[in-house]
Amino acid sequence: ADLLDDYVGGWIAERTRDVVIDEFEKAGAAVAPVYKPSELLSDPQVNAIEMVTTVEDDDLGPVRMQNVMWRMGGSPGRIRHTGRRHGADTDDVLSELGCTADEIEAMRRDSVV
């Protein structure tokens, strides 16, 4: 196995990625390129399976991001938002820790939160 790995690895190292992929495909061997991000987003299969999706963000507008990895036909799931806004849960967290509304407001006035 090591000898074969050396031969195949050496052969690959001497060729461009496109040549290697073409030759592997001609031979019926499994092959897939390692993409740069810009190449990934233009791959027809990546787009066909919606591996990357666009999600609207209140501050940033449309954001491209990885889609839900495992999706089922009847309940495929989807990404509904890019995440909660900074500080969106501050009052709830501080309240759960025992802080009163007045204490939270005082922390805001003092730029603690």
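**An aromatic pair and its surroundings**

A search of the whole structure, which is a predicted model, finds one aromatic pair. The two partners are W11 and F24, whose rings form a tilted pair at 6.2 Å centre to centre, with 40 degrees between the planes. Rings of Phe, Tyr and Trp (its six-membered ring) are taken to pair if their centres lie within 6.5 Å, and planes under 30 degrees apart count as stacked, over 60 as edge-to-face and the rest as tilted. W11 belongs to helix α1 (residues 2-13) and F24 to helix α2 (residues 17-27), so the pair ties together parts that are 13 residues apart in sequence. Helices (H or I, at least four residues) and strands (E, at least two) are DSSP runs, numbered from the N terminus.

In this predicted model, local features need pLDDT of at least 70 and side-chain atom pairs count only at pLDDT 80 or more, while totals for chains, interfaces and linings use all residues. Residues are numbered from 1 along each chain as its sequence is written, and side-chain values use heavy atoms, with hydrogens and water left out.

The two rings can also be described by their exposure, where buried means under 20% relative accessible area, exposed over 50%, and partly exposed in between (1.4 Å probe, protein chains only). W11 is partly exposed, with a relative accessible area of 25%, whereas F24 is buried, at 18%.

Helix α1 deserves a further look. Its twelve residues reach 16 Å from the first C-alpha to the last, close to the 16 Å expected at 1.5 Å a residue, the expected span being 1.5 Å times one less than the number of residues. Of these twelve residues, the number buried is zero, so α1 lies largely in the open. Y7, which lies in helix α1, counts as exposed at 57% relative accessibility, and together with L3, L4, V8 and I12 this residue makes a nonpolar surface patch of about 500 Å². Such patches are made of residues with over 30% relative accessible area and no salt bridge, with like charges joined within 9 Å and nonpolar side chains (Val, Leu, Ile, Met, Phe, Trp, Tyr) within 5 Å; a salt bridge is a side-chain nitrogen of Lys or Arg within 4 Å of a carboxyl oxygen of Asp or Glu.

Beyond the helices, two residues stand out for their backbone angles. E50, in the loop between α4 (44-48) and β1 (52-57), has a phi near 50 degrees, a positive value in a residue other than glycine, and E50 is partly exposed at 48% relative accessibility. S111, found in the segment after α6 (101-109), likewise has a positive phi, of about 60 degrees, although it is not a glycine, and S111 is exposed, with a relative accessible area of 64%.

Two loop residues help to place other parts of the chain. A32, in the loop between α2 and α3, is exposed at 61%, and its C-alpha is 21 Å from that of A1, which is 31 residues apart from A32 in sequence. V68, in the loop between β2 (61-66) and α5, is partly exposed at 25% relative accessibility; the C-alpha atoms of V68 and T53, 15 residues apart along the chain, are separated by 8.9 Å.

As for confidence, the chain averages a pLDDT of 92, and 100% of the residues score at least 70, pLDDT being the predictor's confidence in each residue, from 0 to 100. Confidence is lowest in helix α3 (residues 37-40), at a mean of 86, and highest in helix α5 (residues 90-96), at 97.

Notes:
Areas by Shrake-Rupley, 256 points an atom, 1.4 Å probe, with all protein chains shown as cover.
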